[in-house]
Amino acid sequence: MPSLGEFLHSLPSDDVLRIDRETDTDFVPSALAMELERQRRYPVLVFERPKGFDMPVVINLFSSRHRLARAIGTEPERFNDVWLRAEDEPIPPRVVAGGPCQEEIAEGDKVDLEALPISRHFEDDAGRYVSAGILVCKDPDTKTRNLSFQRLQLKGANRFGASLHSRGHIWEHLQRVKARGDSSLEVAVVIGAHPALYLAASAKVGMDVDELDIAGCLLGHPVDLVKCQTVDIEVPAHAEIVLEGEILTNREEPEGPFGEYTGYSTGRSTRNVLLVKAITRRSNALYQDLVPGNSSEHLLLTHSAKQAHVFERLREVWPSVRALRYPKSGTNFHAYLSVDQSDPGQVRHALMLLFGLDHYIKHAIAVDDDIDIFDDEQVLWAIATRVQADRDVFVIPDVFCNRLDPSAEGGVSAKMGVDATRGSHWEGAKPIRSPGWSVNETKRILSTMDEGIG
Ligand code: MN
């Protein structure tokens, strides 16, 4: 059964940057990941000696498309297909007697969250935050498990502030236990696990689906689970650290601000309180962290599965849709759509469909399939040379949107579709290109230069 540690060992050595010097856990891991990203470098960062703490910090694991694909045993080009099969052919987990995540157990007074290397990430954050915690809970009626990510602000030895502002299934569960008069919803927080479990937790699936069933298919075998010590929840046996506790239904406290995926600090919060009753962990646990804000890893982890799902729905209606990408620069609000030549109005219809399928998307741009949508510059070039704004741009005002968009008011936003395909007006201008033989000659020249350097 694969763990975070085994996954790290399976990576090529140049894909992991190990920092041996003693390092502050506040700000430095995020700042280093963001700086490398500016240099277009995306290694996993392992801080071997966090100052004042006794376990390594792993961060930036999800920053590359190649590594996400590797986590589910495929290539970036096949990520969508593998993902969709996992949604269609889930493999349920199995409960086993014990596992490494319970090698050490601290309960009650022994619980000390302060001793975990929980980081501050950005200057305006309200405090130290667990950003790579998978919250596991159960539907109070059907007992179906739910996995999701929620930010957790450290408030004391056994206390977190939590925001459930994405209003997902866990929010629903909490409302139901509150309505029936219960004082809390039991939860477990998994910190550090094989990346396929993290991807599964990001799945946008129905409330009747256990995200661990999807993880099973992604891994090719059932996920081993162990029963928690103090709550009625099962967690992945090979996790690094598990926090067992409850979210209170009768209490709200200030939480935030926190650097969100938009690239802005936001105090928008559901102001929940999570109390921890037990910490279980591996003896040699790794602490997993995630760069919040509009980092590559935050955006890729939160939208890769959704993007695959939306792409499939689009293709069901328009098989001429070739590819879909939510670019990092668009912070979950932009989408690029690659389409084959189409009938009049078809591109516009595909763009409207996209807005309907994903309310986060605010600006959607369609391009011909000679444009590489994984290259922002090529998309901008298509807008520069294939768009007449009065003919190719349309705006739909006052549509439901994501509330974290700082430019939107009252939860609604204008949607802009841009048809940057050549279209029927195109007079036949040909893109410049180099003849094939000269491209081959170029490759030969470059290969000799590499030998010279080596
Ligand atoms: Mn769910």
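**Exercise 1. Work out whether cysteine 217 is buried or exposed, then look for disulfides.**

Step 1. Cysteine 217 has a relative accessible area of 7%, so it is buried (buried means under 20% relative accessible area, exposed over 50%, partly exposed in between, using a 1.4 Å probe and protein chains only).

Before going on, a quick note: this is a predicted model, where local features need pLDDT of at least 70 and side-chain atom pairs count only at pLDDT 80 or more, while totals for chains, interfaces and linings use all residues. Residues are numbered from 1 along each chain as its sequence is written, and side-chain values use heavy atoms, with hydrogens and water left out.

Step 2. Now try cysteine 101: its relative accessibility is 0%, so that one counts as buried.

Step 3. Check the sulfurs. The closest cysteine sulfur to that of cysteine 101 belongs to cysteine 228 and sits 7.5 Å away, too far for a bond. A disulfide is a pair of cysteine sulfur atoms within 2.5 Å.

Step 4. Count them up: the structure has zero disulfides.

**Exercise 2. Find the protein donors of the manganese ion.**

Step 1. Pick out the donors, meaning N, O and S atoms within 2.8 Å of the metal (3.2 Å for Na, K and Ca); water is not among the atoms, so sites may look incomplete. You get Asn146 (OD1), His169 (ND1) and Glu211 (OE), at 2.0 to 2.3 Å from the ion.

Step 2. Write their spacing in sequence: N-x22-H-x41-E.

Step 3. Place two of them. Asparagine 146 is in strand β8 (residues 145-149) and glutamate 211 in helix α7 (residues 211-219), so this pair ties together parts 65 residues apart in sequence. Helices (H or I, at least four residues) and strands (E, at least two) are DSSP runs, numbered from the N terminus.

Step 4. Check their cover: asparagine 146 and glutamate 211 are both buried.

**Exercise 3. Which strands stand at the edges of the sheet β1-β2-β3-β18?**

Step 1. Start with the layout: this is an open sheet of four strands with mixed pairing. Two strands pair if DSSP finds at least two bridges between them.

Step 2. Look for strands with a single partner. These are β1 (16-23) and β18 (287-288), so one side of each has no neighbour in the sheet.

Step 3. Zoom in on β18. Strand β3 (residues 57-59) pairs with β18 in the parallel sense over two bridges, and valine 57 has tyrosine 287 of β18 as its bridge partner.
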